[in-house]
Amino acid sequence: MSKKISLRNRFIQTILKVKAMTWLYDSHIHLSDPYYEYDLNHTIKGMENMNIKACCVSMDNITSKRTLELGRNSKLVLPFIGIHPERANDDLDLMINLISENQQHISGIGEIGLDPTYVKSNEDNNRQIFLFESLLSLAEKFQKPISIHSRKSLDEIFSIITSYDIKHMLLHWFDGSKKQLQKAMDMDFFVSYGPVLIYANDKQMLLSKTSEAKILVETDGPVKFSKCFEMKSGQISFIPSVVFCASKILGKSYDEMASLLEENSKSFLRI
Ligand SMILES: [Zn+2]
């Protein structure tokens, strides 16, 4: 074989390899949190090197604007904007405008949901529900995926969501019972598991009972993780460990697990 042809073959093989490379997705991380600001370039470089894209969720109007900026600066950042139940008193009208004006640039709406931890009165409760329902209406209107915070509120979320026609819904950091997981599967939700999967038996059991096509992984950074993570904040670089752990639980190779998660992530994101 001439030198020219063998070089050409090597070039084609390299291209095929690049083409076949699997993308991992962190389905829920707050890169717009000030925690990441200092070494954001380092984080983005790391994402390029590890072939990881991130659904960057937001807490309120300020972090949503930051998320949009991050999305403009890197195609690896997939922007989700919205108001978290902890910030239920943030300006809803401003958020409705922000979503409407940027609906072509956002990958989804989130982090939205319900959480009684932040409710001190009836009024707080009504405000959280009103906010959640308003943002669900926008997700329905623009056909956007949603990233849902469901701490201690899964059953209420199940009952509210039946009134909306939203097909791509993620219950991030799934923490329900086996029965609630079954209900989530019946209702076609995606559920995501994070670094806790590595050390918590109950999460490993839940993962083993989740429909394979509905599993996603996340870090929820900058949340801090205990045990083997020694109270470090979630980093995108934790994702391969979560994927490895999931592959062991489901009896798959790492590559099989990564491909499955890539398919699932694309299906969630409608890409
Ligand atoms: Zn979160």
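In this predicted model, residues 24 or more positions apart in sequence account for 70% of those contacts in the chain that have a separation of 6 or more. The secondary structure that these contacts bring together comes to ten helices and ten strands. The radius of gyration of the chain is 19 Å, close to the 18 Å that the globule rule gives for 271 residues, so the chain is as compact as a globular protein of that length. Taken along the principal axes, the C-alpha atoms fill a box of roughly 80 × 40 × 40 Å, and buried residues make up 40% of the 271 residues.

The sheet is a convenient place to begin. Eight strands form an open sheet in the order E1-E2-E3-E4-E5-E6-E7-E8, and their pairing is parallel. Strands E1 and E8 (215-217) are the edge strands, each pairing on one side only, and from one strand to the next the twist averages 30 degrees. As a general point, the strands of a sheet pair through backbone hydrogen bonds, in either a parallel or an antiparallel arrangement.

Starting from the edge at E1, one can follow the pairing strand by strand. Strand E1 (residues 24-29) runs parallel to E2, and four bridges join the two; within this pair, Leu24 stands opposite Ile52, while Asp26 has Ala54 as its bridge partner in E2. The connection between these strands involves helix H2 (residues 40-50), which together with E1 and E2 makes a right-handed β-α-β unit. Strand E2 in turn pairs with strand E3 (residues 77-81) in the parallel sense over three bridges, and here Cys55 has Leu78 as its bridge partner in E3. Further along the sheet, strand E4 (residues 108-113) and strand E5 (residues 146-149) run parallel and are joined by four bridges, with Gly113 standing opposite His149 in E5.

How far are these strands enclosed? Taking 20 or more other C-beta atoms within 10 Å as the mark of a buried residue, six of the six residues of E1 are buried, so this strand is largely enclosed by the rest of the structure, although E1 is an edge strand of the sheet. For E2 (residues 52-56), four of the five residues are buried, so E2 too is largely enclosed by the rest of the structure.

Helices supply part of the surroundings of these strands. Helix H10 (residues 254-269) lies across E1, E3, strand E6 (169-171), strand E7 (190-193) and E8, and runs at about 95 degrees to E8. Helix H3 (residues 61-73) has 13 residues and reaches 19 Å from its first C-alpha to its last, close to the 18 Å expected at 1.5 Å a residue. Within H3, Thr63, Ser64, Arg66, Thr67, Leu68, Leu70 and Gly71 are buried, and the buried residues of this helix pack against E2, E3 and helix H4 (92-101). It helps to recall that an α-helix has 3.6 residues a turn, so residues three or four places apart point the same way.

Helix H6 (residues 154-161) offers a residue in another kind of setting, since it is the place of Phe158. Phe158 has 18 other C-beta atoms within 10 Å and is therefore partly exposed. Leaving aside its neighbours within four places in sequence, Phe158 is in contact with Lys183 and Met187. From Ile99, by contrast, Phe158 is 59 residues away in sequence and 24 Å away in space, C-alpha to C-alpha.Some details of the backbone remain to be noted. The peptide bond from Gly110 to Glu111 is cis, with omega near 15 degrees, and Glu111 has its place in strand E4. A cis peptide bond also joins Gly221 and Pro222, where omega is about 5 degrees, and Pro222 is found in the loop between E8 and strand E9 (224-225). In the loop between E9 and strand E10 (232-233) lies Lys227, a residue other than glycine whose phi is positive, near 50 degrees. With 11 C-beta neighbours inside 10 Å, Lys227 counts as exposed. Glu230 lies in the loop between E9 and E10, and its phi is likewise positive in a residue other than glycine, near 50 degrees. Glu230 has 8 other C-beta atoms within 10 Å, and so is exposed.

Methods
Residues numbered from 1 in each chain as written. Predicted model: local features only at pLDDT ≥ 70, side-chain atom pairs only at ≥ 80, totals over all residues. Buried ≥ 20, exposed ≤ 12 C-beta atoms within 10 Å, placed from the backbone. Pairing = 2+ DSSP bridges. Right-handed = clockwise from strand over helix to strand, strands pointing away. Axes fitted to C-alpha atoms, helices over the stretch in contact; angles between N-to-C directions. Contact = placed C-beta atoms within 7 Å. Rg over C-alpha atoms; globule rule 2.2 N^0.38 Å. Expected span 1.5 Å × (residues − 1).
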